[in-house]
Amino acid sequence: MATKSMATKTVEKPRTKAKPKVQRPPLYKVILLNDDFTPREFVVQVLKAVFRMNEDEAHRVMMTAHRRGACVIAVFTRDVAETKAKEATELGKSQGYPLFFTTEPEE
Ligand code: TYC
C-alpha cells in the first residue's frame, strides 16, 4: 500500500492568533470596618488568624481602619472573599464584639 509522500502533505497554519480561552475571575476586596467597641488587640488576632498576616501587617491594617474608618485588607475571588469576611465577622460575634468585615467588587 502506497503512503502519501511528504511533498503532498499540507500543514495549515492558523491565519489569526488564537484567543486565550481562560479569563481571570473578577476579584473582590475584603474591607475591615472600624467600630468603637472591639479591642484593638482582638482585631489584630483575627487579622492574623483569618488573613494570615504577621503582627506588623495586622497592626498596620487595624490602625488604618481605626483612624480612617475602614481599610482594604486584600483581594480574592468572590467565594474566598465572602467566606473570609464571614469567618472573621463571626469570630468577633462569638466574643460579643460588633467587628465587621465586608466585601466589594474591585473596579
Ligand atoms: N476602634 C477600636 C477601639 O478603639 C479598635 C478597632 C480598630 C476596632 C479597627 C475595629 O476595624 C477596627 N477599641
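This report looks at how three helices pack and what sits around a ligand in a predicted model.

**Helix α1 and its two partners**

Let's start with α1, which covers residues 40-51. Two packed helices are described by the angle between their axes and the distance between the axes. Helix α1 packs against helix α2 (residues 55-68) and also against helix α3 (residues 78-94). Here are the values for each pair:

| Helix pair | Angle between axes | Distance between axes |
|---|---|---|
| α1 and α2 | about 125° | 9 Å |
| α1 and α3 | about 145° | 10 Å |

What do we call the way α1 and α2 lie to each other? The word is oblique, because their angle is about 125° and falls outside the ranges for roughly parallel (under 35 degrees), roughly perpendicular (65 to 115) and roughly antiparallel (over 145). The crossing of α1 and α2 is right-handed, and the crossing of α1 and α3 is right-handed too.

So who touches whom? On the α1 side of the contact with α2 you'll find Arg-40, Glu-41, Val-43, Val-44, Leu-47 and Lys-48. They meet Glu-55, Ala-58, His-59, Val-61, Met-62, Met-63 and His-66 in α2. Sorted by class, that's 7 nonpolar, 2 polar and 4 charged residues.

For the contact with α3, α1 brings in Phe-42, Val-46, Val-50 and Phe-51. Their partners in α3 are Lys-84, Glu-87, Ala-88, Leu-91 and Gly-92. By class, this contact has 6 nonpolar, 1 polar and 2 charged residues.

**Around the ligand**

Now for the ligand. Some names from the α1 and α2 contact turn up again here: Arg-40, Val-43, Met-62 and His-66 are among the residues around it. The rest of the list is Leu-32, Leu-33, Asn-34, Asp-35, Thr-38, Ala-65 and Leu-99.

Which atoms come up against the ligand's nitrogen atoms? In Asn-34, an N or O atom of the side chain is 2.8 Å from a ligand nitrogen. His-66 also uses its side chain, with an N or O atom 2.9 Å from a nitrogen atom of the ligand. With Thr-38, it's a backbone N or O atom that lies 2.9 Å from a ligand nitrogen.

Conventions:
Residues numbered from 1 in each chain as written. Predicted model: local features only at pLDDT ≥ 70, side-chain atom pairs only at ≥ 80, totals over all residues. Heavy atoms only, no water. Axes fitted to C-alpha atoms, helices over the stretch in contact; angles between N-to-C directions. Helix = DSSP H or I, 4+ residues; strand = E, 2+ residues; numbered from the N terminus. Left-handed = near helix turned anticlockwise from the far one by under 90°. Contact = heavy atoms within 4.5 Å. Nonpolar A, V, L, I, M, F, W, Y, C, P; charged D, E, K, R; others polar. Near = heavy atom within 4 Å. Polar contact = N/O pair within 3.5 Å; in protein donor to acceptor, adjacent residues only side chain to side chain.
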